[in-house]
Amino acid sequence: MRITKYTHACVRLEQDGRVLVVDPGTWSEPEALDGADAVLVTHEHADHLDVPRLAGLGVPVYAPAEADIPRLDEVIRVSSGTEFEAAGFRVRAVGGRHAFIYGGRPDCANLGYLVDDAVYHPGDSLHVPEQPVETLLVPVHGSWVKTAEVIDFVKAVAPRRACAIHDAQINERGLASVNGWLAQETDSGYRYLAPGESL
């Protein structure tokens with residue numbers, strides 16, 4: 001199986017001419033969907049789901065049964081524990097909820113997907129599946145996770161290998177979001193100093 005990581009949480013899986021794409025969000029490159037046979041969406045947040053890009057794509061899109069996905073009628077709703085085939089890959093949906101977000105913000109449905117009993121994409125959760133995992137796609141950064149939790153997650157899953165996903169907030173695109181959270185949620189007069197700028 002060929003695994004190609006795109007920006008943030010988007011991953012493309014290819015085998016024997018079949019293409020399955022997981023979490024093509026607004027930050028990921030459009031070419032991740034070129035030739036896609038099916039799409040898995042872990043949850044409704046825009047960094048994991050770009051509705052305009054998926055609308056009219058003409059391939060099955062699988063998403064949590066409870067997800068609020070407007071303007072996308074072709075969604076196949078799945079629940080935790082469901083096993084199904086997507087683009088010829090065997091998929092098991094696990095988990096169920098997004099990780100806790102700071103300040104009591106409401107969470108949402110979030111499914112992790114174990115593909116061919118080999119690759120696990122947890123979306124925005126740290127759900128540990130019961131099944132062994134060969135390749136863990138591990139979310140390394142976000143407003144809902146600490147590095148210590150990421151380390152504990154990898155140890156708990158105990159995969160053969162782990163690859164980083166959910167990392168775009170570490171670069172320039174995510175910086176505006178991080179700055180916004182800090183300014184909003186702290187009383188420290190926070191501001192961002194650009195390289196070369198002084199306070």
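The following paragraphs lead through a predicted model, beginning with its sheet, passing to its nonpolar cores and ending with one helix.

The sheet is open and consists of 6 strands in the order 1-2-3-4-5-6, with mixed pairing. Strand 1 and strand 6 (75-78) form its edges, each of them pairing on one side only. Neighbouring strands in this sheet are turned against each other by 25 degrees on average, direction ignored.

At one edge, strand 1 (residues 2-5) runs antiparallel to strand 2 (residues 11-15), and 4 bridges join the two. Within this pair, Lys 5 stands opposite Val 11 of strand 2. The two strands form a hairpin with 5 residues between them, and His 8 adopts a positive phi near 70 degrees there.

Strand 2 also pairs with strand 3 (residues 18-22), again in the antiparallel sense, over 5 bridges. Two of the residue pairings can be followed directly in the structure: Val 11 faces Val 22 in strand 3, and Arg 12 has Val 21 of strand 3 as its bridge partner. Here the hairpin has 2 residues between the strands, and Asp 16 in the turn has a positive phi of about 50 degrees.

Strand 3 also leads into the interior, through Leu 20, which is found in this strand. Leu 20 counts as buried because its relative accessibility is 0%, the cut-off for burial being under 20%. Apart from neighbours within four places in sequence, the contacts of Leu 20 include Val 11, Arg 12 and Leu 13. Leu 20 is likewise in contact with Ala 38, Val 39 and Leu 40, and further along the chain with residues including Ala 86, Phe 89, Val 91 and Val 115. The C-alpha atoms of Leu 20 and Leu 33 lie 8.7 Å apart, with the two residues separated by 13 positions in sequence.

In soluble globular proteins, nonpolar side chains tend to be buried together. The largest nonpolar core of this model has 21 residues, and the members that touch the most others are Leu 20, Leu 40, Phe 84, Ala 86, Val 91 and Tyr 113. At least two residues of this core come from each of strand 2, strand 3, strand 4 (38-40), strand 7 (83-86), strand 8 (89-97) and strand 9 (109-115). Ala 86, for instance, touches Leu 20, Ala 38, Leu 40, Tyr 62 and Val 91, when residues up to four places away in sequence are not counted. A second core, separate from this one, has 19 residues, among them Tyr 6, Cys 10, Val 51 and Ile 69.

The last element to consider is helix 2 (residues 147-157), whose buried residues are Val 150, Phe 153 and Val 157. These residues lie on the same side of helix 2 because they cover an arc of only 60 degrees around the axis. The buried residues of helix 2 pack against strand 10 (119-121) and strand 11 (135-139). On the face turned away from this buried side, helix 2 carries the exposed residues Asp 152 and Lys 155. Ala 158 follows the helix and has a positive phi, near 55 degrees.

Conventions: Residues are numbered from 1 along each chain as its sequence is written. This is a predicted model: local features need pLDDT of at least 70, side-chain atom pairs count only at pLDDT 80 or more; totals for chains, interfaces and linings use all residues. Side-chain values use heavy atoms; hydrogens and water are left out. Buried means under 20% relative accessible area, exposed over 50%, partly exposed in between (1.4 Å probe, protein chains only). The arc is that of the directions from the helix axis to the C-beta atoms. Contact means heavy atoms within 4.5 Å. Two strands pair if DSSP finds at least two bridges between them. Axes are lines fitted to C-alpha atoms, for helices over the stretch in contact, and angles run from 0 to 180 degrees between N-to-C directions. A nonpolar core is a set of buried Ala, Val, Leu, Ile, Met, Phe, Trp, Tyr and Cys residues joined through side-chain atoms within 4.5 Å.
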